[in-house]
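Welcome! Here is a short briefing to help you find your way around a structure you have not met before. Take a look at it first, then read on.

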Amino acid sequence: MSSSQIFQAIYALIAIFSASLTVIRLQAGDWMAALWPALIAGFCIYRLFTVSGD
């Protein structure tokens with residue numbers, strides 16, 4: 001595995017965890033608490049599409 005594939009796997013795992021945490025917090029009605037995991041998931045998804053595949 002190349003280093004870019006390792007980073008993509010890490011970003012994917014963080015995005016999945018953050019998205020699930022966002023959903024859990026939104027279902028509990030904690031809108032402000034759901035903001036940070038949503039931003040982290042968005043950043044990780046952005047990085048998944050912008051990591052160069054060397």
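When the directions of two helices are compared, angles over 145 degrees count as roughly antiparallel. Keep that cut-off in mind while exploring this predicted model. In the chain there are 2 helices and 0 strands.

**Overall shape**
- The radius of gyration is 13 Å, well over the 10 Å that the globule rule gives for 54 residues, so the chain is more spread out than a compact globule.
- Measured out along its principal axes, the C-alpha trace spans about 40 × 15 × 10 Å.
- Of the 54 residues in the chain, 19% are buried.

**How the helices pack**
- Helix 1 covers residues 3-27 and helix 2 covers residues 35-50.
- Their axes lie 8 Å apart, and the two helices pack at an angle of about 150 degrees.
- That angle is over 145 degrees, and helix 1 and helix 2 are therefore roughly antiparallel to each other.
- The crossing of helix 1 past helix 2 is left-handed.

**Where the helices meet**
- On the helix 1 side, the residues in contact include Tyr11, Ile14, Leu21 and Arg25.
- On the helix 2 side, Pro37, Ile40, Phe43 and Leu48 are among them.
- Sorted by class, this contact has 14 nonpolar, 3 polar and 2 charged residues.

**A residue to look at: Phe49**
- Is Phe49, a residue of helix 2, buried or exposed?
- Phe49 has a relative accessible area of 72%, so it counts as exposed.
- Phe49 and Ile6 are 43 residues apart along the chain, and their C-alpha atoms are separated by 14 Å.

How values were computed:
Residues numbered from 1 in each chain as written. Predicted model: local features only at pLDDT ≥ 70, side-chain atom pairs only at ≥ 80, totals over all residues. Heavy atoms only, no water. Axes fitted to C-alpha atoms, helices over the stretch in contact; angles between N-to-C directions. Helix = DSSP H or I, 4+ residues; strand = E, 2+ residues; numbered from the N terminus. Parallel < 35°, antiparallel > 145°, perpendicular 65-115°, else oblique. Left-handed = near helix turned anticlockwise from the far one by under 90°. Contact = heavy atoms within 4.5 Å. Nonpolar A, V, L, I, M, F, W, Y, C, P; charged D, E, K, R; others polar. Buried < 20%, exposed > 50% of the residue type's maximum accessible area, 1.4 Å probe, protein only. Rg over C-alpha atoms; globule rule 2.2 N^0.38 Å.
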